[in-house]
Amino acid sequence: MAYNAIGFNASPRKNGNTAWSIQQILEGSAELGAKTQIYHTSNLDINPCRGCLSCVKGGVCVIADDMQQIYIALKEADAFVLGSPLYMAQMSGQAKVFTDRLFAQITPRFSPSFKEENAGKKLILVFTQGNPDQSRFQAYYEYTKSMFQVLEFDVEDMLIVTGTRSEQANENAELREALRSAGRKLASRTSG
Ligand SMILES: Cc1cc2nc3c(=O)[nH]c(=O)nc-3n(C[C@H](O)[C@H](O)[C@H](O)COP(=O)(O)O)c2cc1C
């Protein structure tokens, strides 16, 4: 079966820097024969976690919204590319809502509802920021990466696209190649 990589764009802009960056990574994977799909938060109705803990008791999230289709897509994926713009020095609100909802599916090993089949899923995190200086937010990025590792994702890469205030990401040929190369690496690692 073809290697399956999905992307989730947590920017409200469907044609923005984050969507483009995710797309380049997925196209890199597609160059090696991967099947790919990108989901845009702006097309989806994904509501905040209610903290009802029904998922801990029943194993599934009870909120009937579009996150249900993402749970299935995630389960079937070999690799996942999660992209967010930096908003107020953190992931976007849309990315946070999405991440909270992962609690139902990918709970940490210390939780009694831990589900073995989700362990070790490959993840590339990609953030885009207006500020040209990556080091300004590096502590936050590293913290966020470690949070996804606690969720038992196998974080293959974390890519930071800087300086989108003065230059759109898609104007940068070197960046395009770096993102595609990360996608190729992801596909070759997973299938190998
Ligand atoms: C509400 C808001 C908050 C932002 N906060 C930051 C920030 O704290 N630091 C930064 O470098 N850029 C910040 N930006 C700029 C975005 O991170 C940047 O333009 C990003 O590439 C947008 O991604 P998009 O084109 O996919 O929407 C902010 C933008 C918005 C709209």
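The largest nonpolar core of this protein comprises 42 residues, and those with the most contacts inside it are Ala5, Ile25, Phe80, Val81, Leu82, Ile124 and Val126. At least two residues of this core come from each of strand 1 (4–9), helix 1, helix 3 (67–76), strand 3, helix 4 (93–101), strand 5 (122–128), strand 6 (154–161) and helix 6 (173–191). In soluble globular proteins, nonpolar side chains tend to be buried together. The model described here is predicted.

**Overall architecture**

Six helices and six strands make up the secondary structure of the protein. Along the sequence they follow the pattern β-α-β-α-α-β-β-α-β-α-β-α. The radius of gyration is 16 Å, close to the 16 Å given by the globule rule for 192 residues, so the protein is as compact as a globular protein of that length. Along the principal axes, the C-alpha atoms fill a box of roughly 50 × 40 × 30 Å. Of the 192 residues, 39% count as buried. Among contacts in the protein with a separation of 6 or more, 79% are accounted for by residues 24 or more positions apart.

**Two residues of strand 5**

Val126 illustrates the contacts within the core. Apart from its neighbours within four places in sequence, Val126 is in contact with Ser21, Ile22, Ile25, Val81, Gly83, Leu159 and Val161. Leu125 is also found in strand 5. Leu125 has 22 other C-beta atoms within 10 Å and is therefore buried, the threshold for this class being 20 or more. Leaving aside neighbours within four places in sequence, the contacts of Leu125 are Leu82, Lys145, Phe148, Val155 and Met158. Leu125 and Phe148 are 23 residues apart along the chain, and their C-alpha atoms are separated by 9.3 Å.

**Helix 1 and the ligand shell**

Helix 1 is largely enclosed by the rest of the structure, because 12 of its 15 residues are buried. The buried residues of helix 1 include Trp20, Ile22, Ile25 and Leu26, together with polar residues such as Asn17, Thr18 and Gln23.

Around the ligand there are 16 residues, of which Gly16, Thr18, Pro85, Gly130 and Asn131 come nearest. Helix 1 and strand 3 (79–87) are the elements that give two or more residues to this shell. By character, the shell residues divide into six nonpolar, nine polar and one charged.

**Helix geometry**

For helix 1 and helix 5, the span expected at 1.5 Å a residue agrees with the separation of the end C-alpha atoms, as the table shows.

| Helix | Residues | Expected span | Separation of end C-alpha atoms |
|---|---|---|---|
| Helix 1 | 17–31 (15 residues) | 21 Å | 21 Å |
| Helix 5 | 138–150 (13 residues) | 18 Å | 18 Å |

**Residues with positive phi**

Just after helix 1, Gly33 takes a positive phi of about 95 degrees. Glu152, just after helix 5, takes a positive phi of about 75 degrees.

Two loop residues also have positive phi. Leu53, which is not a glycine, has a positive phi of about 60 degrees and is found in the loop between strand 2 (35–40) and helix 2 (54–58). With 12 other C-beta atoms within 10 Å, Leu53 is exposed. Ala89, likewise a residue other than glycine, has a positive phi near 65 degrees; its place is in the loop between strand 3 and strand 4 (90–91). Ala89 counts as exposed, with 11 C-beta neighbours inside 10 Å.

How values were computed
Residues numbered from 1 in each chain as written. Predicted model: local features only at pLDDT ≥ 70, side-chain atom pairs only at ≥ 80, totals over all residues. Helix = DSSP H or I, 4+ residues; strand = E, 2+ residues; numbered from the N terminus. Expected span 1.5 Å × (residues − 1). Near = placed C-beta within 6 Å. Rg over C-alpha atoms; globule rule 2.2 N^0.38 Å. Contact = placed C-beta atoms within 7 Å. Core = buried A, V, L, I, M, F, W, Y, C linked by C-beta atoms within 7 Å.
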